[in-house]
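Student: I've got a multi-chain model open and I'd like to learn how to read its interfaces and charged pairs. Can you walk me through it?

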Amino acid sequence: MQAFDYARVSTVDEAVRLLAARNGDARVLSGGTDLLVALREGRDSAGLVVDVKGVPELMEMFFDRGGGLMLGAAVPCQRMYSDEPIAQAFPGLMDAASLIGGVQVQGRASFGGNLCNASPAADSIPALIVHKATAVIAGPGGRREVPVEEVCVAPGRTQLQPGELLVQLRIPAPEPRFGAAYQRFTPRNEMDIAVVGVGAAVRLNADGDHFEWARIALGAVAPTPLLAAEAGDALAGKAVSEAAIEEAARMAQAAASPITDMSGTAEFRRRLVGVLTRRTLVAAIERARRAGTHWNADLR
Amino acid sequence: MSTKTIVHTTINGDPVEFLCEPRQSLLEVLRETLLLTGTKEGCNNGNCGACNVIMDGVLVNSCLVLGVEAEDATITTIEGLASPDGLHPLQQTFLEHAALQCGICTPGFLLSAKALLDRNPDPTETEVRYWLAGNLCRCTGYDKIVRAVLDAADRRDRVTR
Amino acid sequence: MAMKENGHKNGYRVIGTRPIRPDGVDKVTGRAVFGADLHLPGLLYGKVLRSPHAHARILSIDTSAAEALPGVKAVITAADLPQVADKVKSLGESVGNLRYMSENTLAREKALYHGHPIAAVAAENIHVAEEAVNLIEVEYEPLPVVLDGREAMQPGAPILIQGLRTDELGKLGSEPTNVAAHIQHKRGDVEAGFAEADVIIEREFRTETVHQGYIEPQNGVALWNDDGHIHIWCSTQGAFAVRSQISDLLRAPISQVTVTPLEIGGAFGGKINVYLEPLAALLSRKAGHRPVKMTMTRAEVLKASGPTSGSWIRVRMGAKKDGRITAAQAELVYEAGGFPGSPVGAGAGVILAPYRLDNLQIDGYDVLVNRPKASAYRAPGGTNAAYAAEAVADELAEALGMDPIDFRLINAVKEGDRRADGPMLPRIGYIETLQAIKNHPHYRQPLEGPHRGRGVAVGFWFNWGGKSSVSASVNEDGTVNLVEGSTDIGGSRASIAMQLAETLGIAAEDVHPQVVGTDLVGYNDVTGGSRTTYGTGYAVHALGVKLNEIMRELAADLWDVDVEEVRVEGGVFSAGDRSITFKELVAQGSDTPITASAATHPKDAGPAFAVHCVDVEVDPETGKVTILRYTAAQDVGTAIHPSYVEGQIQGAVAQGVGWGLNEEYIYDEEGHLLNASLLDYRMPTAPDLPMIDAVLVEEAPTPGHPFGVRGVGEVSIIPPPAALANAIHRATGVRMTALPMSPSRVMKAMIEH
């Protein structure tokens, strides 16, 4: 691996100062599961690696039913699904947290890192998008908060500027009769990259038979993870029915612009968008209807 | 070549200090500097689990950890799995079930399985299979490995009851 | 899993039991020293520069910047490698031309695949070596690339090796070509046979390049000493095969080469050829005789160590209404990679082997393409071949309305029949193995549910005996130190020690086996061809017989009787009413140390058969195949250590499943390997497989072996892709004719169906 310097910081300000001073030559190290591989394989380079795991704000999670979830950008996936209240409140996020790599990777990898890595196939991003998550970004000029769906701008690129640091993800508390799910398709059952990933979230009416609103987000079918806004919006006010779900799936397919690569053909991916949109909507509806139903932790 | 840093750790119960460059992985330090070669390299990018160690209670791929990140960390490698009283129950069941053939993946599987049983003392077959997904074995087809882990869980159950 | 304890069967005391393997504790504690674990004083680290092009002429190499980098101790190119002449060299499992082996070690004029070694560096640490490699400047002239075997056979295809001429059924062709060889097996009158048939099925199949996928990358440490002696430490299937390759490639007398094998982290055929060892030796000499360690990265393993051939196969079979096959014909095109030597010969031998045939023709072609040189992979060439033949057989059975096992029973070869490739079959347990599946609860219980299907397929493998040398010394306490030279990849120290223990009538734990290097034991062939438990087991039996002779003499002296009067059985020596055990006799003391050695070369290794049954469920919306249940029955002769026999079968099934469902080399049009990682080269993980029920069929002990051992390591990799294809057909109605049967391909086929 190429040589680089290493700095371990303990405050956001210190991190921002270092990142800004290196003008694009510094990389943020949280779990390292993407960064170290990229540096080793020469797909990325760095003069300085800034380890942010000593920054308390990036390593903390807070959840309350009023304010929602504040998820430090470097909190490992395994800590998320090991936290019973959080795991129960956000089964749709846990779907993704338990899919990123094996357990060895989940012990280090974070949603913040997954977002900053900006892979079109990232598992956490569609899940975050349908939860209406926002990203808190600190920079030399202060802090700003942006919707997660606006963070990625191209494969491997985010809107973060040199000197900026993702500090926290904020996820609104689940509304009543809210349900969300994330599923992906992979040839293997684990340890794989999504050929397609789909997140869906719904809020149902009091009777549980109509959509109040819905959000659908797609992975691996566009240069960035994609909010299929029209597909979700079309469900608002509609009765929960196979026809409505089918229509949303068709609209999600229309929103996708998949390519053919070694993971799958464009045609296969478009088909999977339909399949997974249906399946995640059904799972989200199920979760919305079964108030108090928890993320099924049986596989972890 | 960038400057070397001195890193203070506790490895298998002993205080250990080592010098390393920032670019050296914990895996490289363990194997090449500390000569703890029980930790194996299979892929060096987090996809095979042969380099698994337990760091501050968390199962990690040591190829995806920098040596310098181990400052103040407590690490268990395969060399620290057995106690002076004898083999860990998993080591024993792996032997009895013939859960290894070539043995290169075995240290990683043992640490991964230990991390599972520490967290979930009574896993189902499905839970074992999913937990071990990040550990590749090319010799056994996993059958005997899964049985060995389930048997070790059973035995620990019997002891604690 | 057959957990029945079958020790003491046939009167055996040790054979059939399941003792803990002798090397077990070292392997669960991290103490075992594998190839990459070795550290020597003054160790340097080596790294290879590899071609970024799949086909290119090398115009120039400038190593000056690399040499000038601080910490760099040596840089080598093909100019440092001796020129070697054409010479055919046998390595047990494979045969190769020495000149090609040299050019595969370091490219001379041309790079023939993405990852072909161009140069190598030794430096103080691996990072400096990597930096130095990046400073080597190579000027290439890229050439047109050919990746597909059948395209490479076409006139006008890019020619990889200008001097190559086709070996056309033994006669050399006259034109430049990529076809290294055409082989043929022929019997009877194929057209007359087809004319007799009521049903004829003909299909074409394509299989992709796949890798052995051992978890331990290639490695080697070399010290080329000041006195000219070369010492190699590495993970290898055969220390003697490494010694002979090093001697030939570096033109060093064989007496000047020592190879010490270290523990090996899987091989499956892929660790017979040398890759790094000659480079490490050359670097050691150039770096002032310091030891040099080299290991491959996973990407290098996939790009440049031998995978097995992708192939195109056409099979045509005809049968009468009663199920009897009247004729069969097969054509096999195997991709050898950049140099000749695909396993097409073995594939041609395997493809129709389970069937009794009066009329057959098999044509095989060994074809060069711009992919890494193929090396052996567990029953080399067999899986591709059976994928084609077993799918056609399945379709034939279906067309005739017959149960697929019954169809195979009607046509099954047995003792006295001739194999397609000539040899007469000895006593085999194939029919018993078919019946084991037919009568198994799995097969008897109907499979229910939508999108589900059950498939069966069979496999044949030749097996091999090979040469083995062993020696032993008896300790004062009656235990025995056993020295062998057969690499232990999957527990063979246990199965070898158990056979000696059985012969001597002592406990398995009382034999302490050790695998040693080329200076410390007589010649041994590689661990390959499913030979070790058979062939080296044969040797330790001979060794045990010699030790028993010495012990009889001791007993005769003790009792002052004629040695002829002393009988030995099960470790008890007796004459008249006096008797004494092996251990007691040793305790009496011996004037001379008790040692013996044996060297054997058994030639009648019995072939192996496997019959597999698999249930799958296919997701109708995604094409993803889930394996619900898997049962593998195998003709194992006699299972020495049943757990490790089951383990061989289970492991072979897992590899076959990977080959069948998801594993493949993916290249772009320029011949760059796109998926050179264990993330993108998808070998099965634990959640991808169910338990694998291994049924050990012990009805036909191999004639000529003292314990009836039959090689078990390879044959069970042969049926899985075919069994899966047949199951997918039952589940979906679709006949999959290309591997891997990945979700996207199955889905596409279902849509087109």
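**Reading charged pairs and interfaces**

Tutor: Let's start with one side chain: C:Arg745 has a relative accessible area of 26%, so it counts as partly exposed. Keep in mind that this is a predicted model.

Student: Which residue does C:Arg745 form a salt bridge with?

Tutor: The general idea is that side chains of opposite charge can pair when their charged atoms come close. Here the partner is C:Glu208, with 4.0 Å between the closest N and O atoms. C:Arg745 sits in helix α20 (residues 743-752) of chain C, while C:Glu208 is in the loop between β12 (199-207) and β13 (219-224), so the bridge ties together parts that are 537 residues apart in sequence.

Student: Is C:Glu208 buried or exposed?

Tutor: C:Glu208 is buried, at 11% relative accessibility. The cut-off for buried is under 20%. The pair also belongs to a network of salt bridges, which links C:Asp148, C:Arg206, C:Glu208, C:Glu335, C:Arg371, C:Glu664 and C:Arg745.

Student: Where else in chain C could I practise on a salt bridge?

Tutor: Try C:Glu263 and C:Arg493, whose side chains meet at 2.9 Å, N to O. This pair links distant parts of the chain, 230 residues apart: C:Glu263 is in the loop between β15 (257-261) and α8 (277-286), and C:Arg493 is in helix α15 (residues 492-504). Both C:Glu263 and C:Arg493 are buried.

Student: And what about C:Asp86 and C:Arg99?

Tutor: Those two form a salt bridge as well, with the closest N and O atoms 3.1 Å apart. C:Asp86 lies in the loop between β3 (72-77) and β4 (88-90), and C:Arg99 lies in helix α3 (residues 98-105), 13 residues away. Each counts as partly exposed, C:Asp86 at 48% relative accessibility and C:Arg99 at 25%.

Student: How many salt bridges are there over all chains?

Tutor: The count comes to 79.

Student: Now the interfaces. How do I read the one between chain C and chain B?

Tutor: The size of an interface is often given as the accessible area lost when the parts come together. Chain C and chain B bury about 4,500 Å² between them, and 59% of that is on carbon and sulfur atoms. On chain C's side, C:Val28, C:Ile215 and C:Met691 supply 18% of the area buried against chain B, more than any other three residues. As for contacts, 60 residues of chain C touch 51 residues of chain B.

Student: What about polar contacts and salt bridges there?

Tutor: Across this interface there are 25 residue pairs in polar contact, and six salt bridges. One of the bridges joins B:Lys144 to C:Glu646 at 2.6 Å, N to O. Among the elements of chain C that each supply at least two residues to this side is α18 (642-661). In fact α18(C) gives the largest share, nine residues. By type, the chain C side divides into 30 nonpolar, 21 polar and nine charged residues.

Student: Can we do chain A and chain C the same way?

Tutor: Sure. The area buried there is about 2,000 Å², with 53% coming from carbon and sulfur atoms, and 19 residues of chain A contact 24 residues of chain C. There are four salt bridges across it, including C:Glu621 with A:Arg279 at 2.9 Å, N to O. Helix α12 (residues 266-289) of chain A makes the largest contribution to chain A's side, six residues. That side holds 10 nonpolar, three polar and six charged residues.

Terms used. Residues numbered from 1 in each chain as written. Chains lettered and ligands numbered in written order. Predicted model: local features only at pLDDT ≥ 70, side-chain atom pairs only at ≥ 80, totals over all residues. Heavy atoms only, no water. Contact = heavy atoms within 4.5 Å. Buried area = accessible area lost by both parts, 1.4 Å probe. Polar contact = N/O pair within 3.5 Å; in protein donor to acceptor, adjacent residues only side chain to side chain. Helix = DSSP H or I, 4+ residues; strand = E, 2+ residues; numbered from the N terminus. Nonpolar A, V, L, I, M, F, W, Y, C, P; charged D, E, K, R; others polar. Buried < 20%, exposed > 50% of the residue type's maximum accessible area, 1.4 Å probe, protein only.
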